[in-house]
Amino acid sequence: MQWNGIVANSLTYPFLLKACHCLKMVEMIHTQMEKNGFFSDIFVPNALIDNYSKFGALGVKAALRLFMVMGDRDVVSWNSMVGGLLRVGELREARKLFDEMPERNIVSWNSILNGYVKEGKLEEAFELFENMPQRNIVSWSTMVMGYSKACDMDMARALFDKMPIKTLVPWTIIISGYAEKGFAKEAIALCDQMLQDGFELNDGAIISILAACAESGSLAVGVKVHDSIERHKVRCSIAVCNALVNMYAKCGSLDRAWSVFNGMSKRDVVSWNVMLHSFAVHGHGKEALHVFKRMKKEGFNPDRVTFVGVLCACSHAGLIDEGIQCFYTMEKDYGVVPGIEHYGCMIDLLGRGGRLKEAFMLVHSMPFEPNAIIWGTLLGACRLHGATELAEKVRDHHKLDHSDPGNYSVLASIFAAAGDWDGVSTVRLRMKSIGVQKPSGASSIEIDNEVHEFTVFDRSHPNFDSIYQMVHRLAQDLKRVVHPKDATLLVEAMF
DNA sequence: TTAGGGTTAG
């Protein structure tokens, strides 16, 4: 392999491999390496295993083939192979290989530990963690992460507090964990403590915490992080600004999102996509389309995500014809081939607009197998327009995801809205008989840095009585100001 | 070779 007269050697190959962006390139370099006999250095095949594994199941298969024929293997070869299997979710195969390893180092243990944690198998992970011959900061962080993702913040915190040494990463994990679950007070207190201990937020930490805030709507934590950035007069990277815009928009503060966006000296396509989508989901279709125009004017090429935003904007603003026009010209004008996500937007657009037959036809004519999201979108549109017959057609379709309880409850609500109580009980019985349970939907609101969550039949809130008195009063007021039929629907939706 | 990271259709 030669480039500008410079011949690659065993030292340059790992770098070349790292730069590969597809399986074919790795294969090409592999062939060259074999021709040139560079396999005498063990780090060459090790780098190959590692880089093959980046490319999905096929890549891992290729890595495994190479691993099997390798004469010499060191602990890194084994670790890379175990890591590759874990990357494609082959936990059992990875464990088998781990058990066969002639020697293991801390990386081997941490990799397999992470494998269990990623699969949510925390009991097995904890057992492994307790029996490890040695633990380091990565092992501890992995466990904190595992419990945090499993919403067991007490266990996550107990382990975090026990950690012999802490770095910025575990601090970020625990703060993000609290923020993601809406425990703003804990997240803020830990943020303060971390800064007091002399840790400074870096890009990674900021983005993680802001993403968690966006997830739960923890505006207070997001503002805290933003303040801390401004106090330290750190110049925000584009990624951090994008995360800020996203956080503010997801927390309902569109004006602050807009102000951060406008204050950015440099933007990338993600910045535009975030802003566009934020306007779209808040129902500001016209503003979203204006952002789209501006991004083109400033020389940015719209990508597939951009068009999800544009179509979503048209859908939420009732701009049906604009949406259709955009959908049918996006490939010709911008070279973006409509993917299933764009068809999803179109079905939503047509469905919300009451053009259910067209939506249905599109589902049948699109070049993709409809997935649960597509059917769900169609069902939602049927509910909106009380189209029971069409909804039944959707339900009978074999591709409807019967393991997704959400689809059943949408179907039940369609029947309920149409006054078909037999239909409702049939669906409910079916759910019971096949054992699907609908996870209860929750609403949350942040007051004084605390997120309060409410679910159906949940009476655990300390101010339950006064809250529901207020809800009843609102229901009465609604009945006075809107059409009785709409009021009944709204009040039903409230309970 | 191991732990955290921005946008994506209901």
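**Close-up views of helix H22 and of the surroundings of DNA strand B**

**View 1. Buried residues of helix H22.** In helix H22 (residues 356–365), the buried residues are Leu356, Ala359, Phe360, Leu362 and Val363. Viewed down the axis of H22, these buried residues fall within an arc of 160°, so they line one face of the helix. An α-helix has 3.6 residues a turn, so residues three or four places apart point the same way. The model shown here and in the following views is a predicted one.

**View 2. The two sides of helix H22.** The buried residues of H22 pack against four helices: H20 (320–334), H21 (340–352), H23 (372–385) and H24 (388–396). On the other side of H22, the exposed residues are Lys357, Met361 and Ser365.

**View 3. Protein residues around DNA strand B.** There are 49 residues around DNA strand B, and those that come nearest are Asn79, Asn110, Asn242, Ile340 and Glu341. Of the atoms of DNA strand B that come within 4 Å of the protein, 53% belong to sugar and phosphate. Sorted by class, the surface near the strand comprises 20 nonpolar, 20 polar and nine charged residues.

**View 4. Individual side chains beside DNA strand B.** The side chain of Thr172 has an N or O atom 3.4 Å from a base nitrogen of DNA strand B. For Lys250, an N or O atom of the side chain is 3.2 Å from a phosphate oxygen of the strand. A phosphate oxygen of DNA strand B also lies 3.4 Å from a polar side-chain atom of Asp348.

Notes. Residues numbered from 1 in each chain as written. Chains lettered and ligands numbered in written order. Predicted model: local features only at pLDDT ≥ 70, side-chain atom pairs only at ≥ 80, totals over all residues. Heavy atoms only, no water. Near = heavy atom within 4 Å. Polar contact = N/O pair within 3.5 Å; in protein donor to acceptor, adjacent residues only side chain to side chain. Nonpolar A, V, L, I, M, F, W, Y, C, P; charged D, E, K, R; others polar. Buried < 20%, exposed > 50% of the residue type's maximum accessible area, 1.4 Å probe, protein only. Helix = DSSP H or I, 4+ residues; strand = E, 2+ residues; numbered from the N terminus. Arc of directions from axis to C-beta. Contact = heavy atoms within 4.5 Å.
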